[in-house]
Amino acid sequence: MGLSIVVPNWNGRALLEKFLPSLIESARAFEAACGQPTEILIADDASTDDSEEWLRAHRPEVRFESSARQRGFAPAANRGVRAARFTLVYLVNNDVALTSTTLSPLAAHLRDAKVFAATGNAYDFGTGVLRGAGQRGRFRRGFLGVHSRFFVPSPPPQMKPLMTLYATGGSSLFDREKFLALGGFEETLAPYGWEDVELSLRAWKQGLEVRYEPRSAIWHQFSSTIGSKVSRRKANAVYDRNRLLTHWLHLDAYGEKAAHALGVAAKLLTSPLIGRTEYWRAFAQALAVRPQVKARRTELKESQQRTLAEVVSKIEEQMSRPEVRVLDAASAPIRPYLGSENFSSVQAEREKTK
């Protein structure tokens, strides 16, 4: 028993320096509250900066596992989960801050044998605005929409568990054994994008559950890695390719597939007219691996227990519960990060070394 915090990292030394103190404090709080050991493991994706040297000098208690070559988020995260020592694995981006109460509420859900993962609220680190919470799924115009969200403003003391469509790969707690049994993140989706949605759909369809816990919170400095180093067009092409592959893996009904084919055709026709020529590139790249995707889909169907429509319906039923609210720009609460002492102490250390 225990909990491993796994942090995929690529050239993120400055982010590790800024956010790692909050992970260490959160791990200590979990140990005190639950009486279980913890560890922090950096799953490095062949960084070329001084991430490893800085960690060895300043955080020798943190484990560091490096890849021989850069492969992307899914392979790095999978390697980190395999290397983890404990039964619970909290996957978290290197640009995320935790608190002393982030981990324990999530761990409580994983005592249930049918739960695969649990995720909480994600606030913007700079503004404090709630941006990530429970995820709904809506099938429209041939595509599954995954960015419609819900939240619970005031969780009652005794609350029936809430389900979510997917557990984000950047701040969620996973059952390590189930994660590995499912095969981890689909590495065909490397370097990034949709891998957490695809894995969660796989878990749901295999009879497991993904839960949303509003008592757990993180603060995310969004787009610190991909957004700062990759052009928008290139990132869009990768996301569009992986969105297509995820649909080809998980659409079940003939009607869904027919609507999807029409939706893709419409996008191929209209995307050049609005300057989105990268969609053609995304489609060609997805088409190149379609045979592998078809084989993988056949394999998954042998043990499938739910359809995609059943999963979406199960989550949508929760929207009638009185404590649940739709999350949008008007309803999003603001909760500033109060752990500023972590970052002021880091700044003080920098000043000493100047």
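Me: Before we look at helix 11, what do buried and exposed mean here?
Reply: Buried means under 20% relative accessible area and exposed means over 50%, with partly exposed in between (1.4 Å probe, protein chains only). This is a predicted model, in which local features need pLDDT of at least 70, side-chain atom pairs count only at pLDDT 80 or more, and totals for chains, interfaces and linings use all residues. Residues are numbered from 1 along each chain as its sequence is written, and side-chain values use heavy atoms, with hydrogens and water left out. For a residue to be called buried, the cut-off is under 20%.

Me: Thanks! Which residues of helix 11 are buried?
Reply: Helices are DSSP runs (H or I, at least four residues) and strands are too (E, at least two), numbered from the N terminus. Helix 11 covers residues 290-301. Its buried residues are Val293, Arg296, Arg297 and Leu300.

Me: Why do they sit on the same side of helix 11?
Reply: An α-helix has 3.6 residues a turn, so residues three or four places apart point the same way. The arc is taken from the directions from the helix axis to the C-beta atoms. The buried residues of helix 11 are on the same side because their arc is only 105°.

Me: And which exposed residues does the face turned away carry?
Reply: That face of helix 11 is turned away from the buried side. What covers the buried residues includes helix 6, helix 8 and helix 9 (254-270), with contact meaning heavy atoms within 4.5 Å. The exposed residues on the face turned away are Pro291 and Lys294.

Me: On to the rings: how many aromatic pairs does a search of the whole structure find?
Reply: Rings of Phe, Tyr and Trp (its six-membered ring) pair if their centres lie within 6.5 Å; planes under 30 degrees apart count as stacked, over 60 as edge-to-face and the rest as tilted. The search of the whole structure gives 12.

Me: How many residues apart in sequence are the parts that Phe125 and Tyr337 tie together?
Reply: Phe125 and Tyr337 form a tilted pair, 5.8 Å centre to centre with 45° between the planes. Phe125 lies in the loop between strand 6 (115-124) and strand 7 (130-132), and Tyr337 in the loop between strand 13 (325-327) and helix 13 (340-353). The separation is 212 residues.

Me: Over which ring does the charged end of Arg131 sit?
Reply: A charge sits over a ring if NZ of Lys or CZ of Arg is within 6 Å of the ring centre and within 35 degrees of the ring normal. For Arg131, the distance to the ring centre is 3.9 Å. The ring belongs to Phe222.

Note on methods: The expected span of a helix is 1.5 Å times one less than its number of residues.
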